[in-house]
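Colleague: I would like a close look at one helix of this model, followed by the parts of the chain and the ligand that bear on it. Please keep to what the coordinates support.

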Amino acid sequence: MLRNALRHESADHVPVLADEVRELLAVQPGETVIDGTFGAGGHAALLAADLQGKGRFIAIDKDASVRPYFERFQRGTSVSARFLRGDFAVILGQLADNGVEADAIHLDLGISSMQVDRPERGFSYAADAPLDMRMDASAPRSARDVVNEADERELADIFRRYGEERFSRQIARAIVRRRDEQPYERTTDLADTIKQAIPTPARFGDGHPARRVFQALRIAVNDELGALEAALPAAMRMLRPGGRIAVISFHSLEDRIVKQFIREQARGCTCPPEFPICTCGNEPALRDLTRKPLRPGARELEANPRAASAKLRAASKVVG
Ligand SMILES: C[S@@+](CC[C@H](N)C(=O)[O-])C[C@H]1O[C@@H](n2cnc3c(N)ncnc32)[C@H](O)[C@@H]1O
């Protein structure tokens, strides 16, 4: 694997599986690179370095607060770089519609350390803050709105689907009961309800009792799975023949979306399995570069425990 060429300030987001991303995307001088999840620009700095001063870099993030990181990135690179604020699904679609082509596209899903570590953003159950969780602070629906407005069934469904929370129904019921008396405003109010709603022995296993519900709410508030599903076909339209895409996911549902997309595009044929011969004539459009997802090794995990659930998949667009 290539050596991680840049060092990062300790307060920044540490880029996950950075050497692996760099090797799979194999960026060459003169190419166009898109980072759809710019964050603190950790991966971006490494990928831009591989352009060796020649090429183009497009950085996307829906969180306006990453702009200073982009400005720092821009000062450190000699390639032409632009920042586009918005949802990667929307922006990749718009770029594709406008005929912009890319040689390498990177998505590092979820939230960054800067977002989790700023208590006022409301992502953390460990700090008392407004119940927000929006990556895009201008988005209309916050976690507070979901928790106070979704019906009991919808809440239970969110907690079960996105958080794999065993006590989803008990927690949803407790939330609805409490919000009838007093609507939720703060992260700690919600964390307290969750703790009270689950059986006492379950409060002491597997991390903080509110961890799974907070993760589930974050995924719902930011429509993280919907964005990924829309982004992959848009990225595919943008990729030049031979272009590469790499996606790091942190949740089994995200990884499943990426895996299925790559499998379908790599298979080409869409005939039902019972057909004796192919009648659709579709050719494979992607080559799978990672049959099994790459995971962080022990050394990376020791340095960055937040990488624990990361899975990296990559593919290249078939030529011809
Ligand atoms: C895990 S961080 C990326 C960190 C980055 N790779 C680095 O090395 O610093 C994910 C970033 O993607 C952004 N993000 C997540 N979903 C997004 C979406 N649908 N559209 C645009 N940005 C998104 C978040 O705001 C966050 O800044």
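Which residue caps the N-terminal end of α4, and which backbone nitrogen does its side-chain oxygen lie 2.9 Å from?

Modeller: The model is predicted, and what follows should be read as a description of that prediction. The capping residue is Asp87, one of whose side-chain oxygens lies 2.9 Å from the backbone nitrogen of Ala89, at the N-terminal end of α4. The helix spans residues 88-97 and is mostly covered, with seven of its ten residues buried; these are Phe88, Ala89, Ile91, Leu92, Gly93, Leu95 and Ala96. Ala89, whose backbone nitrogen takes part in the cap, is thus itself among the buried residues. The buried residues of α4 pack against the strands β1 (32-35), β2 (56-61), β3 (80-85) and β4 (102-108), and also against the helix α11. After the helix comes Gly99, which has a positive phi near 80°.

Phe88 also leads from α4 to the ligand, since a polar backbone atom of this residue is 2.8 Å from a nitrogen atom of the ligand. There are 24 residues around the ligand, and those that come nearest are His43, Asp61, Phe88, Asp108 and Gln115. Asp61 belongs to this group and places a polar side-chain atom 2.7 Å from an oxygen atom of the ligand, while Asp108 has a polar side-chain atom 2.8 Å from a ligand nitrogen atom. The strands β2, residues 56-61, and β4, residues 102-108, are both among the elements that the buried residues of α4 pack against.

In β4 one also finds His106, which is buried, with a relative accessible area of 0%. The side chain of His106 makes a polar contact of 3.4 Å with the side chain of His43, and His43 is one of the residues that come nearest to the ligand. With neighbours within four places in sequence left aside, the contacts of His106 include Ile34, Asp35, Gly36 and Thr37, as well as His43, Ala246 and Ile248.

Ala246 offers a link to another strand, for it is also one of the residues in contact with Ala314, whose place is in β7 (residues 311-317). Ala314 has a relative accessibility of 1% and therefore counts as buried; among its other contacts, leaving out neighbours within four places in sequence, are Leu24, Ile262, Arg287 and Thr290. By contrast with these contacts, the C-alpha atoms of Ala314 and Lys62 are separated by 23 Å, the two residues being 252 apart along the chain.

The helix α7 can be described in a similar way. The twelve residues of this helix, 152-163, should span 16 Å at 1.5 Å a residue, and its end C-alpha atoms are indeed 16 Å apart, so the expected and the computed values agree. Its buried residues are Leu155, Ala156, Ile158, Phe159, Tyr162 and Gly163, and because they fall within an arc of 165° when seen down the helix axis, they line one face of α7. They pack against α6 (143-149), α8 (168-181), α10 (211-221), α11 (224-238) and α12 (252-267), and α11 is also one of the elements that the buried residues of α4 pack against. Just after α7, Glu164 takes a positive phi of about 45°.

Glu164 and Tyr162 are both touched by His251, as are Arg161, Gln215 and Ile219, when residues up to four places away in sequence are not counted. His251 is found in the loop between β5 (239-249) and α12, where it is buried at a relative accessible area of 10%, and a polar contact of 3.4 Å joins its side chain to that of Gln215.

Positive phi values also occur in two loop residues. Asp223 is in the loop between α10 and α11 and has a positive phi of about 45° although it is not a glycine; with a relative accessibility of 47%, it counts as partly exposed. Gln52, in the loop between α2 (42-50) and β2, has a positive phi near 50° and counts as exposed at 58% relative accessibility.

Finally, a word on the cysteines: with sulfur atoms required to be within 2.5 Å, the count comes to zero disulfides. Cys271 is in no disulfide, the nearest cysteine sulfur being that of Cys269, 3.7 Å away, and at 15% relative accessibility Cys271 counts as buried. The sulfur of Cys278 is 3.8 Å from the closest cysteine sulfur, again in Cys269, which is too far for a bond; Cys278 is partly exposed, with a relative accessible area of 42%.

Definitions and conventions
Residues are numbered from 1 along each chain as its sequence is written. This is a predicted model: local features need pLDDT of at least 70, side-chain atom pairs count only at pLDDT 80 or more; totals for chains, interfaces and linings use all residues. Side-chain values use heavy atoms; hydrogens and water are left out. Helices (H or I, at least four residues) and strands (E, at least two) are DSSP runs, numbered from the N terminus. The expected span of a helix is 1.5 Å times one less than its number of residues. Buried means under 20% relative accessible area, exposed over 50%, partly exposed in between (1.4 Å probe, protein chains only). The arc is that of the directions from the helix axis to the C-beta atoms. Contact means heavy atoms within 4.5 Å. A residue is near a molecule or strand if one of its heavy atoms lies within 4 Å of it. A polar contact is a pair of N or O atoms within 3.5 Å; within protein, one must be able to donate a hydrogen and the other to accept it, and residues adjacent in sequence count only if both atoms are side-chain atoms.
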